[in-house]
Amino acid sequence: MEKKYYFYTLQSSDAPNEIRYVGVTTQSLKQRFSEHKYKANSQKYRSQPVHKWMFSKFQSKLNIIIKYLDECLESEWKDREKYWIKFYKDSGAKLLNL
């Protein structure tokens, strides 16, 4: 049986309709979000643009929102991830994805 992959978006509470990151995980969204927050709050791991952005929002006392987007099977996740990133970029989103 193939693993399920879950897609999500991140945005801040001051601009909840502005998608800043599209992510994918095999974990629960709660677990993945916890990892993102840990990395954003740890100078040692804050090298990726998404974590720098999250840290700046936390410094401003704002919240980061994670929202479920989609899911697929393991055999489809790479194409699906490309699809969602292109979809949001084409919609004008200023994504922080590398």
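Start with Arg-32. At 14% relative accessibility, Arg-32 counts as buried, because the cut-off for buried is under 20%. Keep in mind that this is a predicted model.

Which residue does Arg-32 pair with in a salt bridge? The partner is Glu-35. The closest N and O atoms of the two are 3.0 Å apart. Both residues sit in helix H1, residues 29-41. They are three residues apart, so about one helical turn separates them. Why does that spacing help us read the pair? An α-helix has 3.6 residues a turn, so residues three or four places apart point the same way. Glu-35 is partly exposed, with a relative accessible area of 32%. Arg-32, again, is buried.

How many salt bridges are there in the whole structure? The search finds six. Let me show you two others.

Here is one in helix H3, residues 77-90. The side chains of Asp-90 and Lys-86 meet there, at 2.5 Å from N to O. These two are four residues apart, again about one turn of the helix. Buried or exposed, these two? Asp-90 is exposed, and Lys-86 is exposed as well.

Now one with Arg-20. Its salt bridge is with Glu-18, at 3.9 Å, N to O. Glu-18 is partly exposed, at 37% relative accessible area. Arg-20 is buried, at 15%. Where is Arg-20? Look in the loop between strand E1 (4-12) and strand E2 (21-25). What does Arg-20 touch, beyond residues up to four places away in sequence? The list is Leu-10, Trp-53, Lys-94, Leu-95, Leu-96 and Asn-97.

Trp-53 takes us to helix H2, residues 49-59. Trp-53 is one of the buried residues of H2. The others are Val-50, His-51, Met-54, Lys-57 and Phe-58. Where do these buried residues sit around the helix? They cover an arc of only 160 degrees around the axis, so they are on the same side of H2. And what covers them? The cover includes E1, E2, H1 and strand E3 (64-73). Right after H2 comes Lys-61, with a positive phi near 65 degrees.

Next, H1 against H2. Their axes come within 8 Å and cross at roughly 80 degrees. That makes H1 roughly perpendicular to H2, because angles of 65 to 115 degrees count that way. Which residues make the contact? From H1, we have Phe-33, His-36, Lys-37, Lys-39, Ala-40 and Asn-41. From H2, we have Val-50, His-51, Met-54, Phe-55 and Phe-58. What is the mix of residue types? Six are nonpolar, three are polar and two are charged. Notice that Val-50, His-51, Met-54 and Phe-58 come up twice: they are in this contact, and they are among the buried residues of H2.

Last stop, Arg-80. Arg-80 lies in helix H3. At 30% relative accessibility, Arg-80 counts as partly exposed. How far is Arg-80 from Phe-7? In sequence, 73 residues apart. In space, 8.8 Å, C-alpha to C-alpha. Arg-80 touches Phe-7. Asp-70 and Cys-72 are also touched by Arg-80, leaving aside residues up to four places away in sequence.

To recap the arginines. Arg-32 is buried and counts 14% relative accessibility. Arg-20 is buried too, at 15%. Arg-80 is partly exposed, at 30%.

Note on methods
Residues numbered from 1 in each chain as written. Predicted model: local features only at pLDDT ≥ 70, side-chain atom pairs only at ≥ 80, totals over all residues. Heavy atoms only, no water. Buried < 20%, exposed > 50% of the residue type's maximum accessible area, 1.4 Å probe, protein only. Contact = heavy atoms within 4.5 Å. Salt bridge = Lys/Arg side-chain N within 4 Å of Asp/Glu carboxyl O. Axes fitted to C-alpha atoms, helices over the stretch in contact; angles between N-to-C directions. Parallel < 35°, antiparallel > 145°, perpendicular 65-115°, else oblique. Nonpolar A, V, L, I, M, F, W, Y, C, P; charged D, E, K, R; others polar. Arc of directions from axis to C-beta.
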